[in-house]
Amino acid sequence: MSIDLKIAVIGQSNFAADVLELLLERSNIKVVGVFTIPDKGSREDVLATTAANHKIPVFKFSGWRRKGVAIPEVIEQYKSVGATLNVLPYCSQFIPMEVIDGAPLGSICYHPSILPRHRGASAISWTLIEGDEIAGFSIFWADDGLDTGPLLLTRQTNLEPTDTLDTIYKRFLYPEGVKAMGVAVDLVANGTAPKITQTTVGATYDAAMFKAENQLLNLQQSAERIWNFVRGLDSVPGAIATVLLPDGSEEQVRFFGAHLYSAGPVKDGQPLKLKGLAKPAWVHEGGLLIEGTDGAFVNIKRIKRGSKMINASDWFKQAEQKPITDFTEDELAKKAQLASIWQAILKESIEASTDFFAAGAGSMDVVRLVEEVKDAFDVPFENEHVFMAPVFEEFFGLLVKALRQGSGDSGAQKLDYDGFVLQANKRKINVPTQLFINGAFVDAEQKRTLDIVNPTDEEILCQVACASAADVDKAVQAAHKAFYGSWKQVSARQRGQLMLKLADLMEHHKEDLATIESVDSGAVYTLALKTHIGMSIDAWRYFAGWCDKIQGNTIPVNPARPNNVLTFTRKEPIGVCGLVTPWNYPLMMLSWKMAACIAAGNTCLIKPAQTCPLTALKFAELTVQAGFPPGVINVLPGKGSDAGQAVADHKLVRKLGFTGSTPIGKHIMKSCAEANIKKVSLELGGKSPLIIFADCDLDKAVKHGMSSVFFNKGENCIAAGRLFVEDRIHDEFVRRVLKDLRTMTIGDPLNRSTAHGPQNHKAHFDKLLEFCQRGVKDGATLVYGGCRVPNMKGYFFTPTVFTNVEDDMYIAQEESFGPIMIISKFNGSDVDSVMERANRTEYGLASGVFTKDISKALSFADRIEAGTVFVNVYNKTDVAAPFGGFKQSGYGKDLGQEALNEYLKTKCVTIEY
Ligand code: NAP
């Protein structure tokens, strides 16, 4: 039978407040008084606030005794509440025996170790320092303050190698401790609370770790003991070590984040001398490595210098890190908002120099601050950030960095680069001409360069850095580091935000980008705006939406009776991806691949086509403004045989996304297999058939037939490489095509009325001339073009039409990649034969059919061997629709959800329970 209790709660902190709340849920309990510590400045202990909220009398004493004797007024006030039981959830004060024994049922007290081990004020720390395998807590009947009273209950848990003072407290001692206090009170009310005398066997009384002299780390011990000491003081107050600086002075620091390091000595570290350690410690990429007296190693992740927490790996880099000073008005407004959050927690006015911990904040305040900051500013913040920047001004700096990264709003950041000013299209555009590696524009090794030629006037436009294998290696290393470092810190949703920000910047600069594209690749400006740049922006926006929707499946597998099994898949990024792209849609090819690659969470380097890399470099500049961390995106103009090959050969590149010709695709596939069996997707050449039946809408068929060939000067991978026109309409179709061709405006691609610009570069132009000569030689009828546009400088090729093309002719088989229409006739009574002819190619990229007969159209879609089928339309691609070929046109898709999978790997996890 349970009796009613009148309880005095004596203690402080969130723990005591939670115990109070728990006790108040019980109907047989009345809390008659709460006794706690005095306010610190204007900051009241949370126990006092909680009690006041419940209208419980609160008493705040700075001490209960004076010169070892209980203070009469204090005892008087305590007695006035008439408690039958004292509950001490967490009490830092010395409570006199008059109070301990002052309640008829006595006093029960929480202690964070399994008594009799680790009596004293720092029991949790000592549990770790001593390398105990079990941690736990005791609730005991309080005695004279030396934790020797009889035990009421104990609870325990295994200590994990990853545990620190913080984790063991948060995961076990706090939540289970609060619950157990409730259980203990119930036992008292029921009259069943045991009083088990503590043994002296195994009893210890340990030193208080709040004294600085006890926080000194002894380095003359085994790695394991060093590790245990550091984690026993992590995160408060931290183990003290002394660094011997090169100028002979000493600096006292605190260590955090220790773990045993089994990989042995580091190769690329820098030595750091520590007092009390004969051999130097080593600062390396993963932290600070210390050798224990047993020859084993312990690694330290974070070091506190003064009030600032730094990554140990940054010890020597610190001087290079510049604080932010160029705050925007919006950011300053956020500073005021942040100050009010701090003020609400610390209950004191906030100065630039206010130190969160010095102002009395504890671990629960850290959690609250982080949660409130995440809520208010929608940034990914961790408890660690508070420890890294406990001073208000520094914390605000971190917040601004996170905000700029998240929203991509680091617009103020200006990049230094060598470049040239492109004056065209009534604009002056700064264009970088260096390699973009690890967030900076740099020269290529040995300052190698490529000449970039303007195809409209055949003049050299500029020189661009030309990457070598060594430059590729630098970019891969940067991408690798980012993949395992900064990029991992960016959440999927934040990644999407960065991509959207980048898309906005591309939109904002779309006229600049289209102008560069037009001058560099010969693309007609209006088309460049709509397709080359417009579809690039769409791709970034489309894939941004996927970032936080990448998910696996749960899979019903056979249970392992009598147990059950849960199997699920995770979709994970692959790592560093190489992208190699052609010259026909420079920015669009980049965007199709890179947007999917980045959305999936990879880092990348791209080698754009050597003839027109300028939009890729301008794009690189925008990625910095968008706030992408260094190393996530790298852009390396260079030659395919050199830089491109190095990407395929690199062992740290785990995936290669390639668009280009079939012969190079084959070669690359071999290289990727030999290098490291990297995953490859290949978007290769095509010779796409377009069948035009006599029952079509002829106006439409002519219009789309023209664009199927002449769109983007024929430099279009899905261009219709061969038109099969039904004999009944063949002559009329050809007549109309020629009529339109004769009025096609050919000229400066920047001119808004131009429909047909120059071919991309000279070698390609020459190949087109040869292609036409071969067609004539093989007996096809050249009815239009086949030559340079007369009297014009630049690589202007006259749009061309061949008729009477037989199936075995070279021009019927091979891709021209230029503005050359190849027309063959077929008889409408023999659909089977035209389907067979359409499929008689090793390519299988795209295809098209024009007919009003839905059955014919669907039958065509069934039977054609091509990755893309257009019915009564052509070139209708969309960023949401998967794009890619069959047969020797390659495999793996660009665009759509399928493209995302090209840049993900599937991990299958099986759990028995
Ligand atoms: P390409 O000669 O195959 O070149 C494509 C890219 O590969 C270029 O960046 C090239 O560098 C690089 N490269 C050359 N050799 C390499 C090597 N050994 N290792 C790694 N990279 C190497 O093709 P292209 O002439 O630029 O483009 C035209 C072809 O692309 C056509 O066949 C067209 O059909 C195809 N294409 C296909 C699609 C599609 O989605 N299926 C889309 C567009 C284009 P350089 O710049 O130094 O040559």
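1. A salt bridge here is a side-chain nitrogen of Lys or Arg within 4 Å of a carboxyl oxygen of Asp or Glu. Asp443 and Lys447 fit that description, since their side chains meet in a salt bridge with 3.1 Å from N to O. Please keep in mind while reading that this is a predicted model. Asp443 is partly exposed, with a relative accessible area of 31%, whereas Lys447 is exposed at 61%.

2. How many salt bridges does the structure hold? The count is 45. As a reminder of the chemistry, side chains of opposite charge can pair when their charged atoms come close. The pair in point 1 is one to look at in your viewer, and a few others follow.

3. Lys374 and Glu371 form a salt bridge in which the closest N and O atoms are 3.4 Å apart. Both belong to helix 9 (residues 363-377), and because they are 3 residues apart there, about one helical turn separates them. Lys374 is partly exposed at 30% relative accessibility, and Glu371 is partly exposed as well, at 41%.

4. The stretch around helix 9 also has a record attached. UniProt lists residues 329-403 as "domain: Carrier", in an unreviewed entry. In the model, residues 329-403 are 68% helix and 0% strand. The end C-alpha atoms of this stretch lie 14 Å apart.

5. Is the salt bridge between Glu715 and Lys713 made by buried or exposed residues? Glu715 and Lys713 are both buried. Their closest N and O atoms are 2.9 Å apart. For a group of charged residues, turn to Arg722, Asp807, Glu836, Arg837 and Arg840, which are linked in a network of salt bridges.

6. Ser235 sits in the loop between helix 7 (223-232) and strand 10 (239-244). With a relative accessible area of 10%, Ser235 falls under the 20% limit and so counts as buried. Its side chain makes a polar contact of 2.6 Å with the side chain of Asp166. Setting aside neighbours within four places in sequence, Ser235 is in contact with Leu165, Asp166, Phe256 and Phe387.

7. A second serine worth a look is Ser889, placed in the loop between strand 38 (886-887) and strand 39 (890-891). Ser889 is buried, with a relative accessible area of 0%. What does its side chain reach at 2.6 Å? The partner is the backbone oxygen of Gly685. Beyond residues up to four places away in sequence, Ser889 touches several others, among them Leu682, Glu683, Gly686, Glu842, Tyr843 and Leu845.

8. Ile108 belongs to strand 7 (residues 107-111) and is buried, at 0% relative accessibility. Not counting residues up to four places away in sequence, the residues that Ile108 touches include Leu85, Val87, Leu88, Ile139, Phe140, Trp141, Leu152 and Met181. Ala184, Val185 and Val188 are also on that list. Ile108 and Asp143 are 35 residues apart in sequence, while their C-alpha atoms are 9.2 Å apart in space.

9. Finally, the surface. Which residues make a nonpolar surface patch of about 290 Å²? Leu566, Ile911 and Tyr913 do. Tyr913 lies in the segment after strand 40 (904-912). At 58% relative accessibility, Tyr913 is over the 50% limit and therefore counts as exposed.

Note on methods: Residues are numbered from 1 along each chain as its sequence is written. This is a predicted model: local features need pLDDT of at least 70, side-chain atom pairs count only at pLDDT 80 or more; totals for chains, interfaces and linings use all residues. Side-chain values use heavy atoms; hydrogens and water are left out. Patches are made of residues with over 30% relative accessible area and no salt bridge: like charges are joined within 9 Å, nonpolar side chains (Val, Leu, Ile, Met, Phe, Trp, Tyr) within 5 Å. Accessible areas come from the Shrake-Rupley method with a 1.4 Å probe; for residues, only the protein chains shown count as cover. Helices (H or I, at least four residues) and strands (E, at least two) are DSSP runs, numbered from the N terminus. Buried means under 20% relative accessible area, exposed over 50%, partly exposed in between (1.4 Å probe, protein chains only). A polar contact is a pair of N or O atoms within 3.5 Å; within protein, one must be able to donate a hydrogen and the other to accept it, and residues adjacent in sequence count only if both atoms are side-chain atoms. Contact means heavy atoms within 4.5 Å. UniProt positions are given in the numbering used here, feature names are shortened, and annotations may be inferred rather than shown by experiment.
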